Amino acid sequence: MGGLGFLIIKQKGIVLVPSTYDTTFLISTPVDRKLFTFGETITAFYALPLHNSLTGKFCMGPQLGLGFYYTRLKKSVDPKYAPPLYSSKFRMTFGPCRIPIEFAFRFGTLSNSLHSKLGMSLAAGVDMLYLHIPDEKAFAMLPCGTFAFVAGKTGIRFGIHFMQFQSVFESNAGDITRLTNSLKSFELVRVF
């Protein structure tokens with residue numbers, strides 16, 4: 001199944017940027033925004049063999065995906081995360097990459113090869129992410145879930161990450177939360 005859509009990232013927190021009067025001093029700047037990263041996810045599903053009357057109406061098995069998304073790194077508040085002005089278009093827009101590893105339950109048309117009626121899929125697992133977004137660059141492994149609804153060979157898929165990704169500032173008083181990122185996805189899908 002291939003999907004084309006958005007990975008929506010809600011960012012909230014603070015970043016430290018150089019003061020306009022003296023660049024050796026850093027000032028706290030609030031960040032509260034939604035980033036819409038556009039991209040594609042391809043998912044492969046392996047149906048475990050079932051020996052009962054539900055074959056053709058229901059199936060379950062592991063599901064592995066790969067996704068690439070593009071964003072505008074120029075939206076960075078912290079100049080350290082903004083690409084240089086002379087960068088290539090690819091470097092200025094390269095965004096998150098993800099590898100979702102899930103266990104899926106498929107019903108209806110998604111459980112057989114005819115793909116002529118309604119079908120849906122429920123999946124849960126872990127998403128390995130490389131976040132390369134404005135003001136953030138990190139690896140994360142987050143629990144996730146997806147729901148897909150398909151009519152024939154086309155449909156929609158929603159995804160949610162059950163935990164937020166947080167970056168921190170280390171200080172003598174302990175870690176201070178820098179940015180909190182919560183992720184959701186919405187895609188138009190095609191079964192092949």
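These are my notebook entries on a hairpin, two cavities and the nonpolar cores of this structure.

**Entry 1: what I am looking at**

I am working from a predicted model. I kept to what could be looked up in it.

**Entry 2: the hairpin**

I started with strands 8 and 9. Strand 8 covers residues 165-171 and strand 9 covers residues 174-190. I found them paired in the antiparallel sense, with seven bridges between them. The link from strand 8 to strand 9 is a hairpin of two residues. I also looked up one bridge: E170 has D175 in strand 9 as its partner.

**Entry 3: the largest cavity**

How many cavities of 30 Å³ or more are there? I get two. The largest holds about 90 Å³ of space. I listed its lining as T41, T43, Q63, L64, G65, R98, P100, E102, T146, R157, S185 and E187. Strand 2 (26-45), strand 3 (58-70), strand 4 (94-108) and strand 9 each give at least two residues to that lining. So strand 9 of the hairpin turns up again here. Sorting the lining by type, I have six polar, four charged and two nonpolar residues.

**Entry 4: the second largest cavity**

The second largest cavity comes out at about 40 Å³. I noted M1, T43, Q63, R106, S121, T146, F147, A148 and R157 around it. T43, Q63, T146 and R157 are on my list for the largest cavity as well. Which strand supplies the largest share of this second lining? It is strand 6 (residues 136-151), with three residues. By type I have four polar, three nonpolar and two charged residues.

**Entry 5: the nonpolar cores**

Next I went for the largest nonpolar core. I have twelve residues in it: L7, I9, L35, Y69, L129, L131, I133, A138, A140, L142, F165 and L183. Strand 1 (2-18), strand 5 (118-133) and strand 6 are the elements that put two or more residues into this core. Another core, of five residues, lies apart from it, and I wrote down M1, L110, V189 and V191 among its members. M1 had already come up in the lining of the second largest cavity.

**Entry 6: around L131**

I picked L131 from the largest core for a closer look. What does L131 touch once its neighbours within four places in sequence are left aside? I get contacts with P96, E136, K137, A138, F165 and L183. Of these, A138, F165 and L183 are also on my list for the largest core. The contact list also holds E136 and K137, along with P96.

Technical notes. Residues numbered from 1 in each chain as written. Predicted model: local features only at pLDDT ≥ 70, side-chain atom pairs only at ≥ 80, totals over all residues. Heavy atoms only, no water. Pairing = 2+ DSSP bridges. Helix = DSSP H or I, 4+ residues; strand = E, 2+ residues; numbered from the N terminus. 1 Å grid on protein atoms, 1.4 Å probe; cavity = no way out; pocket = protein on both sides within 12 Å on 5 of 7 lines; lining within 4 Å. Points joined across faces, edges and corners; volume = space filled by probe spheres on them. Nonpolar A, V, L, I, M, F, W, Y, C, P; charged D, E, K, R; others polar. Core = buried A, V, L, I, M, F, W, Y, C linked by side-chain atoms within 4.5 Å. Buried < 20%, exposed > 50% of the residue type's maximum accessible area, 1.4 Å probe, protein only. Contact = heavy atoms within 4.5 Å.
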